[in-house]
Amino acid sequence: MIEIWLNPACSKCRTAEGELRAAGVDYTVRRYLDEPPTVAELEDVLARLGLEPWDIARTADATKLGVSLPAKDSTHRRQWLELLVDHPRLIQRPILTASDGTTVVGRDPASLARVIAAD
């Protein structure tokens, strides 16, 4: 089973969901704008991705949302996590997690193929 965090208005999310359907894999959808992840969930996803919170942030969207971004360093890591929880539109999408723990930001065919193969 794959879980996909998506925004239905996002073309990359729709593409990822189409690839999942085409591959015939079982998946669940989490509309992360309606059900934002918790700090603990973000921590888990980031650990699986091997990334920091600022690596999955849509920083260009911060100005549109009126959000000031903290420094990209370990001192401000918790602020980043809370910022992404409070403003989920800043989270890069789609994020897919396979049942074996493989997790990707599925914005390209290779990442989508990797998570589908892992399931």
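This section describes selected loop positions and the salt bridges of a predicted model.

Two loop positions are considered first. Gly-24 lies in the loop that connects helix H1 (11-23) to strand E2 (27-31). With a relative accessible area of 59%, Gly-24 is exposed, because the cut-off for an exposed residue is over 50%. Although Gly-24 and Ile-116 are 92 residues apart along the chain, their C-alpha atoms are separated by 9.5 Å.

The second position is Pro-94, which is located in the loop between helix H4 (77-86) and strand E3 (95-97). The peptide bond that leads from Arg-93 into Pro-94 is cis, and its omega is near -10°. In general, most peptide bonds are trans.

Attention then turns to charged side chains. A total of nine salt bridges is counted in the model. Among them is the pair formed by Arg-21 and Glu-17, in which the closest N and O atoms are 3.9 Å apart. This distance satisfies the criterion for a salt bridge because the limit is within 4 Å. Arg-21 and Glu-17 are four residues apart in helix H1, so about one helical turn separates them. Arg-21 itself is exposed, its relative accessible area being 52%.

A salt bridge also links Glu-82 with Arg-78, with an N to O distance of 2.9 Å. Both residues belong to helix H4, where they are four residues apart and therefore separated by about one helical turn. Glu-82 is partly exposed at 35% relative accessibility, and Arg-78 is likewise partly exposed, with a relative accessible area of 49%. In addition, Arg-30, Glu-35 and Glu-41 are joined into one network by salt bridges that share partners.

The side chains of Asp-61 and Lys-64 form a further salt bridge, with 3.1 Å from N to O. The two partners of this pair fall into separate accessibility classes. Asp-61 is buried, with a relative accessible area of 13%, because residues under 20% are assigned to the buried class. Lys-64, by contrast, counts as exposed at 69% relative accessibility. The Asp-61 and Lys-64 salt bridge thus joins a buried residue to an exposed one.

Note on methods:
Residues are numbered from 1 along each chain as its sequence is written. This is a predicted model: local features need pLDDT of at least 70, side-chain atom pairs count only at pLDDT 80 or more; totals for chains, interfaces and linings use all residues. Side-chain values use heavy atoms; hydrogens and water are left out. Buried means under 20% relative accessible area, exposed over 50%, partly exposed in between (1.4 Å probe, protein chains only).
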